[in-house]
Amino acid sequence: MPLTEPHDDSLPQEEQVVAVPVAGEDDTIGDLAAPGEPPEPEPSLPEAVRQRIVSLTAAVLPGLPADEVPVPLRRVAKFAPNRRARLGAPAIAAQLAADPLFRQRVTAQVLADAGDLGTAVVEGTAPAAADPVEVAALAYLARPRGWRELIEASGAAVRAEADTAVVAELVRQAEQRAGRAEHDRAVARVEADKLRDELARTREELGQLREEARQLSRTLREIQARERRASELLATERGRAARAAADADAELRRARARLAEAEAAAGVARASAKEARSVDDARLWLLLETIGQAALGLRRELALDPVDRLPADFVADAFADSSAATPAGTAARARDTDDPARLDQLLALPRAHLVVDGYNVTKRGFGEMSLEQQRKRLITGLGGIAAQTGDEVTVVFDGAERMHGLPPTPRGVRVLFSRKGETADELIRRLVRAEPPGRPVVVVSSDREVADGVRRHGAYPLGADSLLRRLSRS
């Protein structure tokens, strides 16, 4: 095969420099092509010869002066000895084939180390006892007259040695297989004699076993008949037991279902009763507070303690629909008016509750602000109204979750956000329905649907302008 191999990408790509023979070099080494004649192609080298050429070159490479080492091999010369031939093989082979001057310098060092063998190769002869690989490598580097014939002869010797080794190995393996086959035949004869004796004994035992098998077959048929009868009886009993167990399981499931329904009904009843008692107490206390200006003695006579929760608190905490029907007389307290002056009159009533549709008011009054600034301005203004009047104030915004950026809630002001799937209008109607009859409830919203809905439950609907003017006056 040719000496050169594909370039190894692990080596650096540097500028190729072609060396020019220097005056005074020994021109007897090598066979440079005559001027005007094309160079002869590189001979095909056995792999062992190619590796030996690279090893010899890599060994002498560090001993060359730095200016005599081609640029592509200068970094290879710095490698460790065990890495120089392995990693730099492609670059070394390419340089030996392309640079005759570099090859001559390497050959001079290699021949000096080879001694008599190198001298013999330069003279065109090869000792019979010499290693053909070494002779071919030195002939390729020195290139004396007839060096190609030396390489071909060495290659033929290498191939002959390899073929001889292969033939010897095949002969050895064949002999081993023949010996194993003879041994296997002897073992097989011994085993065959044993098997014939064993076959005779087995036939005798087989006759005895057949007689025993006939007796066992009769016994087995009798046992199987008894087993079938027992299996039939067992299947009948299992069916009866399974039906009884299924009936018991069904009855147990029905009992558990009735128990679960009873527990659920009891829990609902307890929760409803508790909530109803709390709402009734709050409504009763608030109603008595509303008329307390004229009936203080009645409260002392009934000995009712003030409650700590108002009806709107129950709506804010649970968002539960009130199932109580609106008394027939509640519609009488509604007033259909949008007069801004009515707001002050209604807030002056005892225990009044002001409910505000938040975004309906803010977008009408200060829609140019961000939603966060709108909420902050409205809640701050409602805090002033609560402080001036002492009334309960609730502001409702749309939103499934509590918004961030809210200012601290002023005293007397409750801020609510509608939950997911519910609007602020529905939450306002819940707040109105939760109030007891007789308490003045003022709802501020310019939404016609909201106004009509709360009016039916006895609240006072007012437009958003009335609250905006009230806040601007404050």
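**Exercise 1. Exposure in a charged pair of helix H8**

Task: Classify Arg254 as buried, partly exposed or exposed in this predicted model, then describe the pair that Arg254 forms with Glu251.

Solution.
1. Arg254 has a relative accessible area of 42%. Buried requires under 20% and exposed requires over 50%, so Arg254 is partly exposed.
2. The relative accessible area of Glu251 is 39%, so Glu251 is also partly exposed.
3. The two side chains form a salt bridge, with the closest N and O atoms 2.5 Å apart.
4. Both residues lie in helix H8, three residues apart, which is about one turn of the helix.

**Exercise 2. Two further pairs in the same helix**

Task: For the salt bridge between Arg201 and Glu198 and the one between Glu211 and Arg214, give the distance, the spacing in sequence and the exposure of each partner.

Solution.
1. Start with Arg201 and Glu198: their closest N and O atoms are 2.4 Å apart. Helix H8, residues 147–290, holds both of them, at a spacing of three residues, about one turn.
2. Arg201 is at 43% relative accessibility and therefore partly exposed. Glu198 has a relative accessible area of 39% and is therefore partly exposed.
3. Next, the N to O distance between Glu211 and Arg214 is 2.3 Å. These residues also lie in H8, three residues apart, about one turn of the helix.
4. Glu211 is partly exposed at 37% relative accessibility, and Arg214 is partly exposed at 47%.
5. As background, side chains of opposite charge can pair when their charged atoms come close.

**Exercise 3. Salt bridges across the structure**

Task: How many salt bridges does a search of the whole structure find, and which residues are linked in a network with Glu392?

Solution.
1. The search returns 17 salt bridges.
2. Glu392 is linked in a network of salt bridges with Arg414, Glu435 and Arg439.

**Exercise 4. Two nonpolar cores**

Task: Identify the residues of the largest nonpolar core that touch the most other members, and state which element gives the most to this core.

Solution.
1. The largest nonpolar core has 39 residues, and Ile53, Leu61 and Leu73 touch the most other members.
2. Seven names cover the elements that give two or more residues to this core: helices H1 (47–60), H2 (71–77), H4 (89–98), H5 (100–114), H6 (116–122), H7 (132–142) and H8.
3. H7 gives the most, with nine residues.
4. For the surroundings of Leu61, set aside its neighbours within four places in sequence; its contacts are then Val69, Leu73, Val76, Ala77, Arg84 and Phe102.
5. A second, separate core has 27 residues, among them Ile379, Phe417, Val442 and Val444.
6. As background, nonpolar side chains tend to be buried together in soluble globular proteins.

**Exercise 5. Helix H15 and its cover**

Task: Which residues of helix H15 are buried, what covers them, and what is found at the start of the helix and just after it?

Solution.
1. H15 spans residues 448–456, and its buried residues are Val450, Ala451, Gly453, Val454 and Arg455.
2. The cover over these residues includes strands E1 (353–357), E4 (441–444) and E5 (460–462), together with helix H14 (424–434).
3. At the start of H15, a side-chain oxygen of Asp447 comes to within 3.0 Å of the backbone nitrogen of Glu449.
4. Just after the helix, Gly458 has a positive phi of about 85 degrees.

**Exercise 6. Two arginines**

Task: Determine whether Arg430 and Arg351 are buried or partly exposed, and place each in the fold.

Solution.
1. Arg430 lies in helix H14. Its relative accessibility is 8%, so Arg430 counts as buried.
2. The side chain of Arg430 makes a polar contact of 3.1 Å with the side chain of Glu422.
3. Arg351 sits in the loop between helix H11 (341–347) and E1. Its relative accessible area is 28%, so Arg351 is partly exposed.
4. The phi of Arg351 is near 55 degrees, a positive value in a residue other than glycine.

**Exercise 7. Totals**

Task: Summarise the secondary structure, the buried fraction, the contacts and the surface of the protein.

Solution.
1. There are 16 helices and five strands.
2. Of the 474 residues, 35% are buried.
3. Among contacts with a separation of 6 or more, 69% join residues 24 or more positions apart.
4. The accessible surface is about 28,600 Å², and 54% of it belongs to carbon and sulfur atoms.

Key
Residues numbered from 1 in each chain as written. Predicted model: local features only at pLDDT ≥ 70, side-chain atom pairs only at ≥ 80, totals over all residues. Heavy atoms only, no water. Helix = DSSP H or I, 4+ residues; strand = E, 2+ residues; numbered from the N terminus. Buried < 20%, exposed > 50% of the residue type's maximum accessible area, 1.4 Å probe, protein only. Contact = heavy atoms within 4.5 Å. Areas by Shrake-Rupley, 256 points an atom, 1.4 Å probe, with all protein chains shown as cover. Polar contact = N/O pair within 3.5 Å; in protein donor to acceptor, adjacent residues only side chain to side chain. Salt bridge = Lys/Arg side-chain N within 4 Å of Asp/Glu carboxyl O. Core = buried A, V, L, I, M, F, W, Y, C linked by side-chain atoms within 4.5 Å.
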